[in-house]
Amino acid sequence: MQNRVFYINEEIDENANNLFLKYSGLNREGEKYKKMRKEAFLIKETVKSRVNIKAVVSYVEPVHIREKTLEVGGHIFQSNAFSRIDENSIKGAFVYVITAGDYELEEQPILEQLYADIWGNSYVDVGRDVLKEKLLKLIAEDPWFVNLAGDKPLKLSDSFGPGFYGMDVAQVKELFEIQNGNEINVELKNSSVMVPIKSCAGLYLLADESYEELEPECADCLGNVTSCKLCKIGRSE
């Protein structure tokens, strides 16, 4: 499967609202936060017409894992978390680029710009969740993936990508060499910044039922590969 475009047209407002309140810290009680929430949701109405979530995805195999490195399509990615994954459980990888559009409010007060930025983050993260659901539906229904699964159900890992699980942000260039964003009008600058800004790239590993999910705490871990092996998270005492 190469360069398949997905359009996220589902009703996602409620989930975006919840993420915004979490990211902004405005989910707290009190009159001050109530007033700030009202202002923040006015900004949402300003940027809502810009919400245009779409993704382009390619399926790539084989996938090889050696300690903290993952090889996909001849490209090497590094993350401490890869040392916790059994290569034998992995069938392939869905490499994606997703964008939620442009949320910049130039020449507006700083607080309004901040709210718009957080709304953009919320929409792209909700879009990524919906994309995973669409990929799960694909592997459950597409004859090729059904045949690949055989009598063992397939599932998807959490999303790995630059900035998560210790992966260097600069590795977005490697992802774009596998799956660039041209088909959804996402451009990668020399600085490794994607335009529109509210875009991201990553990959989901396609795995059999023996794949063990990583703990949520690992996503933002600042440890190294040695400390990962010693960490008590995920180990039974």
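Two strands count as paired here if DSSP finds at least two bridges between them. With that settled, I can go through the structure, which is a predicted model.

I'll start with the small sheet. Three strands form an open sheet in the order S3-S4-S5, and the pairing is antiparallel. Strand S3, residues 63-66, and strand S5, residues 75-78, are at the edges; each has a single partner strand, so one side of each has no neighbour in the sheet. On average, neighbouring strands of this sheet are turned by 20 degrees against each other, direction ignored. Between S3 and strand S4, residues 69-72, there are four bridges, and the two run antiparallel. If you want one pair to find on the screen, take Ile 65, whose bridge partner in S4 is Leu 70.

Next, S10, residues 199-208. How many of its residues are buried? The count is 10 of 10, so by the cut-off of under 20% relative accessible area the strand is mostly covered. As a reminder, side chains in a regular strand alternate between the two faces of the sheet. In S10 both faces are covered. One side has Ser 199, Ala 201, Leu 203, Leu 205 and Ala 207, and the other has Cys 200, Gly 202, Tyr 204, Leu 206 and Asp 208.

Which strands pair with S10? S6 does, antiparallel, over nine bridges, and S7 does, also antiparallel, through five bridges. On the S6 pairing, Val 95 has Leu 203 as its bridge partner in S10. On the S7 pairing, Lys 155 is matched with Ala 207 of S10.

Just before S10 there is a loop, between strand S9 (194-195) and S10, and Ile 197 sits in that loop. Its relative accessibility is 43%, which makes Ile 197 partly exposed. Together with Val 193 and Val 195, Ile 197 makes a nonpolar surface patch of about 200 Å².

Now the charged pairs. The whole structure has eight salt bridges, and I'll go through some of them.

Arg 66 and Glu 87 form one, with the closest N and O atoms 2.9 Å apart. Arg 66 belongs to strand S3 and Glu 87 to the loop between S5 and strand S6 (90-99), so the pair ties together parts that are 21 residues apart in sequence. Arg 66 is exposed, at 51% relative accessible area, while Glu 87 is partly exposed, at 23%.

The Asp 125 and Arg 128 side chains meet in another salt bridge, at 3.2 Å from N to O. Both residues are in helix H3, residues 110-141, and because they are three residues apart, about one helical turn separates them. Are these two buried or exposed? Asp 125 is buried, at 17% relative accessibility, and Arg 128 is buried as well, at 14%.

Asp 158 and Lys 132 make a further salt bridge, at 3.8 Å from N to O. Here Asp 158 is in strand S7, residues 154-160, and Lys 132 is in helix H3, so the pair ties together parts 26 residues apart in sequence. Asp 158 is partly exposed, with 26% relative accessible area. Lys 132 has 19%, under the 20% cut-off, so it counts as buried.

Last, there is a network of salt bridges linking Asp 13, Lys 44 and Lys 48.

That is what I have for today.

Technical notes: Residues numbered from 1 in each chain as written. Predicted model: local features only at pLDDT ≥ 70, side-chain atom pairs only at ≥ 80, totals over all residues. Heavy atoms only, no water. Patch = residues over 30% accessible without salt bridge, like charges linked within 9 Å, V, L, I, M, F, W, Y side chains within 5 Å. Areas by Shrake-Rupley, 256 points an atom, 1.4 Å probe, with all protein chains shown as cover. Salt bridge = Lys/Arg side-chain N within 4 Å of Asp/Glu carboxyl O. Buried < 20%, exposed > 50% of the residue type's maximum accessible area, 1.4 Å probe, protein only. Axes fitted to C-alpha atoms, helices over the stretch in contact; angles between N-to-C directions.
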